[in-house]
Amino acid sequence: MTMTECSISLDSLAGVVILAGGASRRMGIPKATLILPTGEHLLDYHVRHSLNLNVPIMIADNERGFDVDADLILNKSQSPVSYISDYGATNSDEQINTGGALVAIEAALQALVKLHDSGASENKQSSWLLVISCDSLIPATELWQKLQSSITQAADKQVICLTDNRNLYPLLGIYRVSIEPDLRAYIDSGQRRVMSFITPIGQSVAFAKHWQDLTNFNTPTDFARACASLNDL
């Protein structure tokens, strides 16, 4: 294997998970169903950009059944779109309210491990899961490009995520697929705190100033500001 081939293998993207199952209480409606000024739903926006990465796309929506525009995924066999249930999920309403982001990420990691075991994906030891939360308008392609550039410098890290030097954004990041057993054990021990899990194994990457208003929108006012910033790009 040449050095270039090795680098490509180590930097490989195995899949994308879009976190769309949050309660969105302050927003008033599920963020996945928010409508951009173009008329596009937020979930469709993230799916559309993720399709350009040519990897499996998983939607973690707490089984709320959010639709994806069928035209988006027509003839996109290289980027199959599927819905996944949170790790340990039940059919109770309580699960919807208390599951948290880590159980969705764990479910996505398990799905990618199964793909690896079936021989349908790259070596899980050298591949990554891209995590995108539905409180951001950063395109998946740009997010992956930004985070991928830090993989070599953070060779000993298992999670790489964005920061604005004030806040860490662990739900806008990449997770090494090989950490699946560790995350499963953490969840099985009764833990759900994202920061407690990633802090010892994570690396933060500062993002560009123009991304500031595109992230972490929790109210209609925040979303309007994010849409205005998106239009200004």
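Helix 5, which covers residues 101-117, is a good place to begin in this predicted model. How far apart should its ends be? At 1.5 Å a residue, its 17 residues should span 24 Å, and the end C-alpha atoms are 25 Å apart, so the expected span and the model agree.

Next, look at which parts of helix 5 are hidden. The buried residues start with the run Ala101, Leu102, Val103, Ala104, Ile105, Glu106, Ala107, Ala108 and Leu109, and Leu112 and Val113 are buried too. What covers them? The cover includes four strands, namely strand 1 (12-19), strand 2 (57-60), strand 4 (127-133) and strand 6 (168-176), together with helix 7 (180-188) and helix 8 (194-198).

Helix 7 deserves a closer look. Its axis and that of helix 5 come within 10 Å and cross at roughly 145°, and the crossing is left-handed. On the helix 5 side, the contact is made by Leu102, Val103, Ile105, Glu106, Leu109, Gln110 and Val113, while helix 7 brings Glu180, Leu183, Arg184, Tyr186 and Ile187. Sorted by type, the residues of this contact are 8 nonpolar, 1 polar and 3 charged. Several of the helix 5 residues you have just met here, including Leu102 and Val113, are also on the buried list.

Now move to helix 9 (residues 220-232), which holds serine 229 and also asparagine 231. Are these two residues buried or exposed? The table gives their values.

| Residue | Relative accessible area | Class |
|---|---|---|
| Serine 229 | 13% | buried |
| Asparagine 231 | 53% | exposed |

Serine 229 counts as buried because its 13% is under the 20% cut-off. Asparagine 231 is exposed because its 53% is over 50%. Leaving aside residues up to four places away in sequence, serine 229 touches Asp213 and Leu214. Asparagine 231 shows how a chain can bring distant parts of its sequence together: proline 37 is 194 residues away in sequence, yet the two C-alpha atoms are 8.9 Å apart in space.

Finally, how confident is the predictor? The mean pLDDT of the protein is 86, and 87% of its residues reach 70 or more. Among the elements, helix 7 has the highest mean pLDDT, 97, and helix 1 (residues 3-10) the lowest, 38. Helix 1 falls within residues 1-10, where pLDDT stays under 50 and the model has 5 contacts beyond four places in sequence. Residues 92-96 also stay under 50, and for them the model has 7 such contacts.

Methods: Residues numbered from 1 in each chain as written. Predicted model: local features only at pLDDT ≥ 70, side-chain atom pairs only at ≥ 80, totals over all residues. Heavy atoms only, no water. Helix = DSSP H or I, 4+ residues; strand = E, 2+ residues; numbered from the N terminus. Buried < 20%, exposed > 50% of the residue type's maximum accessible area, 1.4 Å probe, protein only. Contact = heavy atoms within 4.5 Å. Expected span 1.5 Å × (residues − 1). pLDDT = per-residue confidence, 0-100. Axes fitted to C-alpha atoms, helices over the stretch in contact; angles between N-to-C directions. Left-handed = near helix turned anticlockwise from the far one by under 90°. Nonpolar A, V, L, I, M, F, W, Y, C, P; charged D, E, K, R; others polar.
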